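Let's take a walk through this model together, piece by piece. Keep the viewer open and turn things around as we go.

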Protein chains: 2
Amino acid sequence: MATISDVARAAGVSNSTVSYVLSGKRSISAETRRRVEAAIRQLGYRPHAGARSLASRRTWTLALVAPLRADVNVGVIMKFVTGVVTRARDHEMDVLLLTQDDPQGVERAATSSLVDALIMMDIEADDPRIPTLVELQRPAVLIGLPEDTRGLSVVDLDFEAAGRLAVQHLVELGHRRLALIGPTPTVLGRHTSYAERLLRGYRRSAEESDLEPVVEPAEASHVGGVEALGRVLDRMPDLTGLVVHNEAALPGVLAALTAAGRPAGRTVSVIALCPADVATGQQLPLTSIDLPAVRMGEIAVDLAMARIEGVEDPEIRLLMPRLTERESTFRLG
Amino acid sequence: MATISDVARAAGVSNSTVSYVLSGKRSISAETRRRVEAAIRQLGYRPHAGARSLASRRTWTLALVAPLRADVNVGVIMKFVTGVVTRARDHEMDVLLLTQDDPQGVERAATSSLVDALIMMDIEADDPRIPTLVELQRPAVLIGLPEDTRGLSVVDLDFEAAGRLAVQHLVELGHRRLALIGPTPTVLGRHTSYAERLLRGYRRSAEESDLEPVVEPAEASHVGGVEALGRVLDRMPDLTGLVVHNEAALPGVLAALTAAGRPAGRTVSVIALCPADVATGQQLPLTSIDLPAVRMGEIAVDLAMARIEGVEDPEIRLLMPRLTERESTFRLG
DNA sequence: ATGAAAGCGCTAACAG
DNA sequence: CTGTTAGCGCTTTCAT
């Protein structure tokens with residue numbers, strides 16, 4: 001491996017000059033730059049990451065704390081991760097992957113100068129990891145809004161607004177017998193932030209319109225969807241409007257609707273809360289509120305970079321939910 | 001952040017002594033060790049990762065090259081990743097996440113001393129990334145067996161044997177009208193290694209038993225499964241044995257079988273090739289050949305560590321497929 | 001516009 | 001069993 005000294009020698013300049021053409025932190029004559037760049041190319045020189053981080057106190061890597069358990073929505077997680085990794089590369093950063101069930105991992109990564117900032121996903125309303133995160137004194141970004149952000153940056157969909165939006169849209173279409181099929185009991189039991197906020201928005205909006213707020217969790221599977229719809233129809237046989245926030249159960253819900261002789265888009269209006277490609281990938285293209293997971297991952301990185309570069313204050317970014325009408329909703333009567 | 005010198009001073013020893021109690025590379029008196037460890041704890045000392053890697057030429061991190069596209073089986077990918085990350089932690093290694101669509105990424109990580117070894121997933125039969133990988137002169141492990149391993153370590157399920165095993169098992173149960181519902185056309189079109197080997201094993205074994213080797217790809221969705229089964233029944237209306245290697249299409253296939261009046265386990269024997277929890281999580285617990293994804297991720301790390309420590313030669317580890325009988329298969333006649 | 005040189009924090013000879 | 005010290009390869013003052 002060539003070092004910076006090798007390059008300097010080959011180009012007939014000093015080490016610092018090489019360093020500066022690389023960083024652009026001081027002006028370099030065209031001729032010198034040309035020679036240095038040629039030497040770099042010719043020697044295949046790459047700065048040694050460790051040496052760089054030692055001298056500059058920047059690691060150029062981001063830690064991503066991801067839930068790799070099976071009970072979360074794997075597809076959505078993957079989209080977050082995709083957004084984070086690709087946007088990190090735009091900033092010339094790399095991504096270190098930490099898992100949630102390695103609680104010391106976060107501390108280790110931060111205090112051993114492995115990373116410049118941390119991004120944490122799957123945040124619970126009262127997440128026990130947040131105090132630890134705050135103590136680390138490193139830039140940190142949450143994907144998911146906790147009750148108390150403790151001065152950390154946050155990006156999330158405004159799930160409460162999403163719950164309201166879904167109800168309002170169904171009400172405007174003339175529906176008054178509504179239900180919500182939501183995340184798994186486990187997710188709810190963990191007080192996962194997004195789930196609680198969605199439900200809150202949904203319930204409040206329903207109550208404001210004098211509607212009975214029926215909510216059923218569903219296991220994250222086809223069968224889970226079938227069973228949840230069964231329970232919903234038991235409680236509310238005259239159902240005409242349905243909100244579903246559970247990717248894995250979605251196909252089951254739709255199949256069960258059809259099986260019950262009440263196909264989506266004909267006798268029941270269905271609004272899904274999920275990534276757009278999931279909504280369009282069902283048998284029937286679904287009216288949906290988009291969960292822009294890739295975009296959220298990207299924003300998380302941007303927020304982290306702003307904190308690293310020290311210019312910006314911590315920031316809470318709640319994305320406005322957007323509803324796209326497709327074929328699963330209709331005007332009643 | 002406390003440095004090693006701070007610890008040394010606090011414990012009244014030299015820097016090297018601190019370093020050696022940490023690495024265990026030379027013997028330390030009980031008393032000294034106690035004092036050093038106390039100082040470390042008290043100061044909350046963590047070695048600076050960059051300084052360490054600069055001095056020791058070891059980064060204690062592994063690069064994981066993962067496909068983050070949507071068209072791969074997200075669930076299985078996640079299991080590989082889980083296995084890799086958790087096993088890496090057992091070796092006190094961290095994991096740097098690279099994506100496949102960042103082709104320079106691999107080279108960058110390797111040549112800038114970011115990582116000690118690389119693990120690459122989703123290998124194609126004639127994968128264009130392999131020559132590049134070989135040139136890097138760094139330990140590398142493939143999850144997936146290419147045609148030419150070029151001296152790299154490999155872990156994979158023996159998919160060819162899995163194809164044979166499935167056919168043999170069905171034949172032993174008295175089935176002679178068999179079909180295979182496989183991965184998506186895209187995956188097949190990319191000449192993904194595992195897909196081709198599974199098909200080869202399946203076809204050869206079928207031919208040896210004088211059976212017509214019917215193979216249908218399926219899109220990775222419920223509908224994809226329904227449609228694929230439709231095509232299979234068109235070609236082979238008297239089907240009694242079915243092998244399915246497509247997690248996402250599995251529920252659709254099962255539903256369509258029931259809809260066609262030929263429920264799995266009653267008139268058609270179904271063998272799934274998938275992680276065990278997927279097989280047991282269907283309506284009917286499926287007889288399956290396990291895809292031990294977490295385990296494969298773990299083995300990949302072990303192979304990488306063996307190469308890093310320089311003791312072992314590159315190694316190809318093909319896992320023997322194991323079939324578990326559950327309720328979707330039965331003896332014919 | 002460029003160079004010299006002092007670290008950054010750690011490891012691993014070498015010396016005892 | 002422990003200490004001294006020379007780097008590892010880079011960034012960044014301080015000089016010029």
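Which element supplies the largest share of the surface near DNA strand D? That would be α2(A), with six residues. Before going further, keep in mind that what you're looking at is a predicted model.

Stay with DNA strand D for a moment. There are 28 residues around this strand, and the ones that come nearest are A:Ile4, A:Ser16, A:Ala55, B:Ser16 and B:Ser27. Both protein chains show up in that list. In terms of elements, α2 (15-23) and α4 of chain A, plus α2 (15-23) and α4 (49-56) of chain B, each put at least two residues into the surface near DNA strand D. As for character, that surface splits into 14 polar, 11 nonpolar and three charged residues.

Now swing over to DNA strand C. Here 27 residues surround the strand, with A:Ser16, A:Ser27, B:Ile4, B:Ser16 and B:Ala55 coming nearest. The elements giving two or more residues to this surface are α2 and α4 of chain A together with α2 and α4 of chain B. Sorted by class, you get 14 polar, 10 nonpolar and three charged residues near DNA strand C.

Next, look at where the two protein chains meet. Chain A brings 38 residues to the contact and chain B brings 37. On the chain A side, two or more residues come from each of α4 (49-56), α5 (74-90), β2 (94-99), α6 (103-111) and α11 (222-235). Of these, α5(A) gives the most, with eight residues. The chain A side has 17 nonpolar residues, 15 polar ones and six charged ones.

There's strand pairing across the two chains, too. β2(A) is joined to β2 of chain B (residues 94-99) by three bridges, and the two strands run antiparallel. To find the spot on screen, pick A:Val95, whose bridge partner in β2(B) is B:Leu97. As a bit of background, strands of a sheet pair through backbone hydrogen bonds, either parallel or antiparallel.

Zoom out to see how chain A is laid out. The chain divides into domain 1 (4-56), domain 2 (61-157 + 293-319) and domain 3 (159-291). Between the C-alpha centres of domain 1 and domain 3 of chain A there are 58 Å.

While you're on chain A, find its open sheet of six strands, which goes β7-β6-β8-β9-β10-β12 with mixed pairing. At the edges sit β7 (214-217) and β12 (323-324) of chain A, each pairing on one side only. β12(A) is joined to β10 of chain A (residues 287-290) by two bridges, in an antiparallel arrangement. Check A:Ser288, which stands opposite A:Thr324 in β12(A). Helix α10 of chain A (residues 193-208) packs on this sheet, where it touches β6 (178-182), β7 and β8 (241-244) of chain A. The direction of α10(A) makes about 175 degrees with that of β6(A).

Over in chain B, there's an open sheet of six strands in the order β7-β6-β8-β9-β10-β12, again with mixed pairing. Why do β7 (214-217) and β12 (323-324) of chain B each have one side without a neighbour in the sheet? They stand at the edges with a single partner strand apiece, so one side of each is left free of a neighbour there. Further in, β9 (residues 269-274) and β10 (residues 287-290) of chain B pair in the parallel sense over four bridges, and B:Ile271 stands opposite B:Thr287 in β10(B). Helix α8 of chain B (residues 159-172) packs on the sheet and touches β6 (178-182), β8 (241-244), β9, β10 and β12 of chain B. Its direction makes about 165 degrees with that of β9(B). Helix α11 of chain B (residues 222-235) also packs on the sheet, touching β6 and β7 of chain B, at about 155 degrees to the direction of β7(B).

Last stop: a helix pair. α8(B) packs against α10 of chain B (residues 193-208) at an angle of about 35 degrees, with the axes 7 Å apart, and the crossing is right-handed. Among the residues that meet here are B:Phe159, B:Ala162 and B:Val167 from α8(B), and B:Tyr194, B:Leu198 and B:Tyr202 from α10(B). The contact has 10 nonpolar, four polar and four charged residues.

Methods:
Residues numbered from 1 in each chain as written. Chains lettered and ligands numbered in written order. Predicted model: local features only at pLDDT ≥ 70, side-chain atom pairs only at ≥ 80, totals over all residues. Contact = placed C-beta atoms within 7 Å. Nonpolar A, V, L, I, M, F, W, Y, C, P; charged D, E, K, R; others polar. Pairing = 2+ DSSP bridges. Near = placed C-beta within 6 Å. Axes fitted to C-alpha atoms, helices over the stretch in contact; angles between N-to-C directions. Domains from an automatic or database assignment. Left-handed = near helix turned anticlockwise from the far one by under 90°.
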